[in-house]
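Colleague: Please pick one part of this model and take me through it closely. I would like to see how its pieces are put together.

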Amino acid sequence: MSTFGSLFDGAMLPYGGGGGGKPLFTSPALSLALQTNMEAQRDGNGTAVPGVVATKELDEIDSRSGSDHLDGLSADDLEPPSGNPRKRKKRYHRHTPHQIQELEALFKECPHPDEKQRAELSKRLCLENRQVKFWFQNRRTQMKTQMERHENTLLRQDNDKLRAENMSIREAMRNPLCNHCGGPAMLGEISLEEQHLRMENARLKEELTRVCALAGKLLGKPISSMSGAPLALPMPNSSLDLAVGTNGFATSLPALNDYPNNASSPLGTVITPARGGVDKSLERSMLLELALATTDELVKMAQMEEPLWIPCLEGGKETLNYEEYLRGFNRCIGVKPVGFMSEATRETGVVIINSMALVETLMDSARWSEMFSCVIASATTTEVLSSGMGGSRNGALQLMRAELQVLSPLVPIRDVNFLRFCKQLAEGCWVIVDASIDGIRENSSALADNMKCRRLPSGCLVQDLPNGYCKVTWVEHAEYEEAAVHQLYRPILRSGLALGAHRWLATLQRQCECLAILMSSSAPSTDNTTITASGRRSMLKLAQRMTDNFCAGVCASSAHKWSKLVGAGNVGEDVKVMTRQSVDEPGEPPGVVLSAATSVWVPVAPQRLFDFLRDERLRSEWDILSNGGPMQEMAHIAKGQHHGNSVSLLRASAVSSNQSSMLILQETCTDPSGSMVVYAPVDIPAMHLVMSGGDSTYVALLPSGFAILPDGSGAGACGGSSTGGDGESKVGASGSLLTVAFQILVNSQPTAKLTVESVETVNNLISCTIQKIKAALNCDV
């Protein structure tokens, strides 16, 4: 759950001692595309202009990526020495890789450090203050020149395109056509306007002929395009309604799924599956239509109030008025499949991050899944249709695939293929929208059997605030097959508390607060033992890997090599048992690993259950690893203002004098949408290495723990009607949905076969743990 490092390269996080001005750029991908040499400005005497590094020095700095820098370089240092005006003395200082790494890290956070930050950095890196100062000056100059050169390159490309287009028009005008016979005509016979119309008419005829040929090939019979016979394609009754809303987007586009295969859309494009040979340009135009329509819908849903959104009586929430929604919006991706349940939620909050950094995170699949690791099992970008305009994300359009998860084996993973579009509405105001593309690229007959979920226009509206934070309005709209969901989890899914806007925004706020604290120089420290800054980073990376592996063991996404066991031993139907073979994989012990998970309802409030499970003093009441006594907290790293967000290192008491104590790494995290307690036994020498700043990649651990969600009973008025059943009778009262999961090494030989006794042992461990928890909380066992 702890996220740091690659998430916010170039972001300004205004927390604690984060520094002064805004960064020169916020897109990490921008600097990777700049690979040209820089030119220096000089005066008439050949002396470098003050504040600008000479050409040779900049070329050397560029080629070394900042590894070599002039030692405290300034204008005075470049003056020619007295006695020989043709020579000048240059003092070079080659920084160590560690110094470069630290300087680059601070530059990404704050390109304009203040005097206090420079003094602290110079002291830590054993450099002079002026060396640090001029290093940042040179680095800023380098970045500014690179950005200007990149913009010039884009302008040159546009100029080349316009020049080529102009030449093609001139060439066409040299061979005009006669208005009557269609043959060659004299230049004076037709006007320039008529010539442009004829060129456009010829282009449209060629396009129509090509479309008819393609449709005829797919239908298996010829289609006449220019003769008297009508086209065999079904045509819509009305033309495209280009009603433009307040944001300038097309607000009334036809539903792409409403047209049968090979049918013509009102834009004149043929909608066919990609596997059938549809032209890439036609597909791109359809996706662009979908992007514009969904963007306008999302902006309206984020801004409109009643009667579209109806306030609920309980909890200050709101629910979508579907009658008003169907009257005001055309369904961009077609009608709702039979048997699917609708889920629509909206949430607004303030997040400790600026809009540019958030946009970069959401448009990068790796950083997006890392930010929402408890919600996203896996995410990939399948195709980038547009990377944006002018070096920014404005107009970025890409196709993505993601597996969305609820941390319970009773809820299947939602596999969605969708389009993500990013648009800048105004200065400091962005919209990022998602919409499923099922039915555009896939065969419609196979789609009905395989599709379990699809996303209607969903995403967020982001607006910068004066204090460096941003206001985020999140809208989540989905349709899913409810039959595959266990009765116990249907109320929380209907209410939107499991995968709705409330959970997305709460997770984003918690993760950004964690990053702000960890990147601040005034981060709180309540460690019982002294841990260096590098030791904190190593320990947090290890905890993040532990939590990610725990989530993977609960839901078993396609990104992880888990094999589900069916009918193994006396295991209940609500217990999911999986296994995998670990062979020479870093961070995992070799052998056969068994994972078992189940979910139960507990008649206890989620906060009380979370406080009980994370308290090391009460651990002996449910954990068999505690040796029957309380545990001692050896180290503690806070990850947020809430005391429940932290990483701890616990030590169990030894049963006898000749038995060594065991260490347990534990991460706890909580927000209004849910909580987690994840832990794993760790080797003592390995943890000493990690706490001293060593690499945590090869520390072997197998995580276990708990995921806690509200049961959804408090949001019943907003989330829809109850469905009844045995599971519903218990959820009538306010309680918690508790997921318990264990990963255990059952055999140290990867090729060994799994035995029934091993499966039953893990199953008994889960049952015993649940019974102890209920008994400790005075619940009915």
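Modeller: A search of the whole structure finds 12 aromatic pairs, a pair being two rings of Phe, Tyr or Trp (its six-membered ring) with centres within 6.5 Å; planes under 30 degrees apart are stacked, over 60 edge-to-face and the rest tilted. The model is predicted, so local features need pLDDT of at least 70 and side-chain atom pairs pLDDT 80 or more, while totals for chains, interfaces and linings use all residues. Residues are numbered from 1 along each chain as its sequence is written, and side-chain values use heavy atoms, without hydrogens and water.

Tryptophan 622 and phenylalanine 706 form an edge-to-face pair, with 5.0 Å from centre to centre and 85° between the planes. Tryptophan 622 sits in the loop between α15 and β18 and phenylalanine 706 in strand β22, so the pair ties together parts 84 residues apart in sequence. Helices (H or I, at least four residues) and strands (E, at least two) are DSSP runs, numbered from the N terminus. Tryptophan 622 is buried, at 2% relative accessible area, and phenylalanine 706 is buried at 0%; buried means under 20%, exposed over 50% and partly exposed in between, with a 1.4 Å probe and protein chains only.

Strand β22 belongs to an open sheet of 9 antiparallel strands in the order β15-β16-β17-β23-β22-β21-β20-β19-β18, where two strands pair if DSSP finds at least two bridges between them. At the edges are β15 (563-565) and β18 (631-638), each paired on one side only. The twist averages 20° from one strand to the next. Strand β22 (residues 704-710) pairs with β23 (residues 736-747) over 6 bridges, and proline 710 stands opposite serine 736.

Two helices lie across this sheet. Helix α15 (residues 606-614) crosses β20, β21, β22 and β23, at about 165° to β22. Helix α14 (residues 533-555) lies across eight strands, including β22, and runs at about 75° to β20. Axes are lines fitted to C-alpha atoms, for helices over the stretch in contact, and angles between N-to-C directions run from 0 to 180 degrees; contact means heavy atoms within 4.5 Å.

Helix α14 also meets α16 (residues 684-691): their axes come within 7 Å and cross at roughly 130°. Among the residues making this contact are Met539 of α14 and Met687 of α16.
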